[in-house]
Protein chains: 2
Amino acid sequence: MTGAKQKRVLVTGAAGFIGEAVVDALVACGVYAVTATDAKPAPRRLPEGVRYLAGDISDVSLQTELCSEKADAVIHLATLPSGAAEKDPAAAKRINLDATMVLAERVSDQASPPRFVFASSIAVYTTHNVEAVDDDTPVAPELFYGAHKAMAEVWLAALTRRGAIDAVSLRLPGIVARPRAPSGMTSAFWSDLFHALESGGRFVSPVSAKATTWLLSRRRTVENILHALETDSAAMPDSRALALPALRCAMADLVKAIQNHAGQDEELVSYAPAEAVERIFGSYPPLITKKARALGFHDDGDLETLVRNVFADIEKQKAKT
Amino acid sequence: MTGAKQKRVLVTGAAGFIGEAVVDALVACGVYAVTATDAKPAPRRLPEGVRYLAGDISDVSLQTELCSEKADAVIHLATLPSGAAEKDPAAAKRINLDATMVLAERVSDQASPPRFVFASSIAVYTTHNVEAVDDDTPVAPELFYGAHKAMAEVWLAALTRRGAIDAVSLRLPGIVARPRAPSGMTSAFWSDLFHALESGGRFVSPVSAKATTWLLSRRRTVENILHALETDSAAMPDSRALALPALRCAMADLVKAIQNHAGQDEELVSYAPAEAVERIFGSYPPLITKKARALGFHDDGDLETLVRNVFADIEKQKAKT
């Protein structure tokens, strides 16, 4: 540690699946001082030196306290997930849209615009009747979740044009493997599959064997988020929004890769596809992320590596608890 | 009048420059029953049969009362204009974004989605360093006003995809000639020019002689808004947003057309261009509105007709008061 002042990064949603790993990685790399916040109390194994404030991100007094120290950068992960957002649109607007707008205004600094990394989502796209999603695909959300994310992106890009912040909105694909606990994510079955097969359990897929999705391991997601702290502004698109690279894979191929990894030869997976789930969460076209790749963002490379990254992560989590 | 039930149209911003003329036109064509609302009290010459409710559009109880009768269509014009929005971003969010979102949810009807015509703005675009604006130009707002409009468009399109409403967002160009009264519109000088020359007064232009803008007469604007009530949904772009056709003209050409019309040969106009005003309100590239034209929307055709339409409108207004 040198005498130079560390850059302070504010992480919201810091006790969540991605947030916890982001905080760990920020502390591990040693160049950042971290202020962390989440609706949940501090995780038991909070790394030393992290300033942690529990509270509702849409609460004005929490935001004031969070910003009492100047943030050089923000990683805004706090979100009401898609399934929960559909059930409570008012809460979804408050948390996913309004709180994001206010937070960005609070950290605004014309003299030194902070990098604002926003966890957006591929829910901003429609994925059916689309040949491919690429850098020119316009947003077309159907879920409240995706609509609020797309609207927040517009706001962050506008503040960026005004010189108030320096936004990078990352449209996250399916991140695996989320913990088994109910996450409010309708797409959680893609994660549940890993947990089921890891423990040798049976799995009933709510989508068909040929259903496709876009996946990224949590490990690689965290690397991408930290990379976004340092990405060259001048090379970013004017919208400041990028879909993260992800592997497009079919359910049957993913099952095979997991079973290969686990050394299983039994048939543990059966299929009971539901039309609505298949349409929204299992019909993903090719994803072409040239701009994000040119900026140095990465997916897991291949299915074998994705599965290896996911199981290494699950092992690490088990060791921690 | 037949015994058939009239379609009820809810008009917000109904006492404003555009709203007043929209209400007149709706009543004149005889096929619509009108509920009108505005922050201002009812205009003195409110056409007979119009249900008028004065109040703040962001007020929940007003919205409840407005929606006590089922609206078959909505023309949502209520807005805090650009200059005022820059001065009070919180009020701008409440009126231009939040109230729009709530109103659209309130009138939602899955069984019979109401047409929701939204007065968006060309402020959703950036106009500098752009070769042309066309149907594929992405939004890139710099003003709070344009950012909130772009965000509202995303919301209305999402509700449309969900089958809750049937949105048409019209991106309005400069509408002439707004009344002289302070309107909160930074771009009001394009209107002031008409009034100054009409009365033989002098005019100091805050932009240069070669400054360009996009103009549409109020008369033609109202025709386009009424046309949007009946536009074929299937032919609309997925974003449900369209820039209205407009004449692109240079300040010097507009001055000439007005003076030709008024029979003036004196030089009444001098130029004192301000860099910021020229950049934001006087540097408009070509505007190509193929989709809107294919759907039957129109500009004034040529500058002479625009000027004639504007002065006919000014005369009509004078006769009314």
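**Figure 1. Contacts that reach across chain A.** In this predicted model, take the contacts in chain A between residues at least 6 apart in sequence: 77% of them join residues at least 24 apart. The pieces being brought together include 11 helices and 12 strands.

**Figure 2. Chain A as a whole.** How much room do the C-alpha atoms fill? Along the principal axes, their box is roughly 60 × 45 × 40 Å. For 321 residues, a compact globule would have a radius of gyration near 20 Å, and chain A comes in at 19 Å, so the two agree. As for what's tucked away, 48% of the 321 residues count as buried.

**Figure 3. Helix α11 of chain A, end to end.** This helix runs through residues 303-320, which makes 18 residues. At 1.5 Å a residue you'd expect a span of 26 Å, and the end C-alpha atoms are indeed 26 Å apart, so the helix agrees with the rule.

**Figure 4. The two sides of α11(A).** Which residues of this helix are buried? They are Leu306(A), Val307(A), Asn309(A) and Val310(A). These cover an arc of only 160° around the axis, so they sit on the same side of α11(A). Here's the handy bit: an α-helix has 3.6 residues a turn, so residues three or four places apart point the same way. Flip to the other side of α11(A) and you meet exposed residues, among them Glu304(A), Glu315(A) and Lys318(A).

**Figure 5. What the buried residues of α11(A) pack against.** Their partners in chain A include the helices α6 (189-198), α7 (218-228) and α8 (251-262). Strands join in too: β7 (174-176), β9 (212-217) and β11 (247-250).

Methods. Residues numbered from 1 in each chain as written. Chains lettered and ligands numbered in written order. Predicted model: local features only at pLDDT ≥ 70, side-chain atom pairs only at ≥ 80, totals over all residues. Helix = DSSP H or I, 4+ residues; strand = E, 2+ residues; numbered from the N terminus. Rg over C-alpha atoms; globule rule 2.2 N^0.38 Å. Buried ≥ 20, exposed ≤ 12 C-beta atoms within 10 Å, placed from the backbone. Contact = placed C-beta atoms within 7 Å. Expected span 1.5 Å × (residues − 1). Arc of directions from axis to C-beta.
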